[in-house]
Amino acid sequence: VDQGHRQLSLLDRQNWAEIQSPEFPGERLMACLHPLLAAQRRRTREESLAATQRQLARIVTEARRRTRTPLSAQALGVKVGRVFHRYKMGKHFQWDIQAGVLRWSRREESIRQEEDLDGIYVIRTSAPVAEGGDSTKSCSPPARRAERLSAADTVRSYKGLAAVERAFRCLKGLDLRVRPIFHRTADHVRAHIFLGLLAYYVEWHLRGAWAELLFADEALPAT
């Protein structure tokens, strides 16, 4: 981005593209575009910008009314700082503060540059690229295939972390109803973790077997 190499057209078809950077030697970078996240960030930014403008306009009006005892530049700076601290939009505004006077304007170029990156995040991996460019079509043994990832498999693996986080919530929450136990030896700790994972493993199989009874989605992910 800093070097001016934005090519958003690379993300038009599949919402991700593999890129390279000399700042990350030996690593592969996958730039991903999330349309829903982009819309959410754009909406949040517009709301924050509008709220910031309203507050700045109020400060300008207050400064104009204080003709008998004008607000000092320091007092105006404190008020403006509070607004920017609350809405985190100071980088998109430029302002000039003097005794009893506040002038401000939007930095449209800064706002446009941030809009260009809405919904984009980058995944880093040190795993080498799959032979043939696509590990899904590779005929390598499973052990070797696990060490090589295509760009698509890298993105898919990252998104699979949601299942891991859901498993942790299940272990820690009320799904398994495993109450906290304080252990004094390493063997007891390992045994407790093993029993928790074993319980989750059984529950995972039960959810698969009882998918229809649990009103699970009909379109299950391919295995």
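**A salt bridge, a helix and two cores**

The side chains of D118 and R45 come together in a salt bridge, with N and O 2.4 Å apart. This is a predicted model, and that pair makes a handy way into it. D118 sits in the loop between α3 and β5 (120–125), while R45 belongs to helix α1, so the bridge ties together parts that are 73 residues apart in sequence. Are these two charged residues buried or exposed? D118 has a relative accessibility of 5%, so it counts as buried. R45 comes in at 4% and therefore counts as buried too. The pair also belongs to something wider: R42, R45, K91, E114 and D118 are linked in a network of salt bridges.

A search of the whole structure turns up 14 salt bridges. One of them joins R103 to D96, with the closest N and O atoms 3.5 Å apart. Here the setting is out towards the solvent-accessible side of the scale: R103 has a relative accessible area of 47%, so it is partly exposed, and D96, with 33%, is partly exposed as well. Another bridge links the side chains of E203 and R207, at 3.2 Å from N to O. Both of these residues lie in helix α7, 4 residues apart, which is about one turn of the helix. E203 counts as buried because its relative accessibility is 14%, under the 20% limit. R207, at 46%, is partly exposed.

Now for the overall layout. The protein chain has 7 helices and 5 strands. Followed along the sequence, they come in the pattern β-β-α-α-β-β-α-β-α-α-α-α. The chain has 223 residues, and 24% of them count as buried. Its accessible surface comes to about 16900 Å², with 55% of that belonging to carbon and sulfur atoms. Among contacts with a separation of 6 or more, 56% are between residues 24 or more positions apart.

Helix α1, home of R45, deserves a proper look. How far apart are the end C-alpha atoms of α1? At 1.5 Å a residue, its 31 residues should span 45 Å, and the ends are indeed 45 Å apart, so the two values agree. Several residues of this helix are buried: A38, R45, S48, L49, A51, T52, L56, I59, V60 and A63. The cover over them includes α2, β3 (93–98), β4 (101–106) and α3 (108–116). A57 lies in α1 too, but with 35% relative accessibility it counts as partly exposed. The C-alpha atoms of A57 and L102 are separated by 9.3 Å, although the two residues are 45 residues apart along the chain.

What about the nonpolar side chains? In soluble globular proteins, they tend to be buried together. In this model, the largest nonpolar core has 16 residues, and the members that touch the most others are L56, I59, V80 and F93. The elements giving two or more residues to this core are α1 (35–65) and α2 (73–87). Of the contributors, α1 gives the most, with 6 residues. Apart from this core lies another, made of 6 residues, among them M30, C32, I123 and V155.

F93 is a good residue to zoom in on. Which residues does F93 contact, once its neighbours within four places in sequence are left aside? The list runs L49, T52, Q53, L56, F84, W104, S105, R106 and R107. Of these, L49, T52 and L56 also appear among the buried residues of α1. L56 turns up yet again as one of the core members that touch the most others.

Not every nonpolar side chain is tucked away, though. F194, L195, L198, Y201, V202, W204, L206, W210, L213 and L214 form a nonpolar patch on the surface. Together they have about 1100 Å² of accessible area. L214, one of the patch residues, is found in the segment after α7 (186–209). With a relative accessible area of 43%, L214 is partly exposed. The salt-bridged pair E203 and R207 described earlier lies in α7 itself.

Methods:
Residues numbered from 1 in each chain as written. Predicted model: local features only at pLDDT ≥ 70, side-chain atom pairs only at ≥ 80, totals over all residues. Heavy atoms only, no water. Patch = residues over 30% accessible without salt bridge, like charges linked within 9 Å, V, L, I, M, F, W, Y side chains within 5 Å. Areas by Shrake-Rupley, 256 points an atom, 1.4 Å probe, with all protein chains shown as cover. Salt bridge = Lys/Arg side-chain N within 4 Å of Asp/Glu carboxyl O. Buried < 20%, exposed > 50% of the residue type's maximum accessible area, 1.4 Å probe, protein only. Core = buried A, V, L, I, M, F, W, Y, C linked by side-chain atoms within 4.5 Å. Contact = heavy atoms within 4.5 Å. Expected span 1.5 Å × (residues − 1).
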